[in-house]
Amino acid sequence: MRKRKLKNKAVILDRDGTIIVEKNYLKSPENVELLHNTAAGLKELKKLGFVFVVITNQSGIARNYFTEKEFNEVNIELDRQLENFNVKIEKYYMCPHHPDFSGECSCRKPKPELALRAIEDFNIDVDK
C-alpha cells in the first residue's frame, strides 16, 4: 500500500502592495517596507499551519528598469525582515514579462501558470 502524501495549506500572495508597500518598480533592498500588520498576520496564519508562496508580475525587468538580480536582492531583504517574525516565504514565482516589451507569455498574472507551479511544487490543497 502506497502512503499518500499530505497536502499543504498555503497562502499564495502577491508581493508589491500586499506584503510590502507598493513602490513603483522597486529595485533597491533599502526601500523594502512591510505593510502595517503584514508580518503579524502571516505569523498568525503560520500558527494555523499555512505555508507562504509569492506570485508576482515584475514587468520592470522587461522594461529594463531593474534586473532579475535586483529583484532577488529585494526578496532577500523581505525575507530578512520577515525572519524577525519567524515567518518564511517558501518560494517566489515571478513573471519578468510585459506584452508591450517582451511579447505575450504564459506566466503573467492573471494567467494561472505560476499558481499551478506553486500548487504542484508544494502539494497545495486547493480545496481548502
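**Fold and largest pocket of a predicted model**

The secondary structure of the protein comprises five helices and three strands. This is a predicted model, in which local features need pLDDT of at least 70, side-chain atom pairs count only at pLDDT 80 or more, and totals for chains, interfaces and linings use all residues. Residues are numbered from 1 along each chain as its sequence is written.

Me: What makes a stretch count as a helix or a strand, and which pattern does the protein follow?
Reply: Helices are DSSP runs of H or I with at least four residues, and strands are runs of E with at least two, numbered from the N terminus. Along the sequence, the elements follow β-α-β-α-α-β-α-α.

Me: How do you know whether the radius of gyration agrees with that of a compact globule?
Reply: The globule rule is 2.2 Å times the number of residues to the power 0.38, and the radius is taken over C-alpha atoms. For 128 residues the globule value is near 14 Å; the protein has 16 Å, and therefore agrees.

Me: What makes a residue buried, and what percentage of the residues are buried?
Reply: Buried means under 20% relative accessible area, exposed over 50%, and partly exposed in between (1.4 Å probe, protein chains only). Buried residues account for 38% of the 128.

Me: Which classes make up the lining of the largest pocket?
Reply: The lining has eight charged, six polar and three nonpolar residues. Asp, Glu, Lys and Arg count as charged; Ala, Val, Leu, Ile, Met, Phe, Trp, Tyr, Cys and Pro as nonpolar; and the others, Gly among them, as polar. Strand S2 (50-57) and helix H2 (59-62) each supply at least two lining residues. A lining residue has an atom within 4 Å of a point of the pocket, an open set on a 1 Å grid over the protein atoms alone where a 1.4 Å probe fits, with protein on both sides within 12 Å along at least five of seven lines.

Technical notes. Side-chain values use heavy atoms; hydrogens and water are left out.
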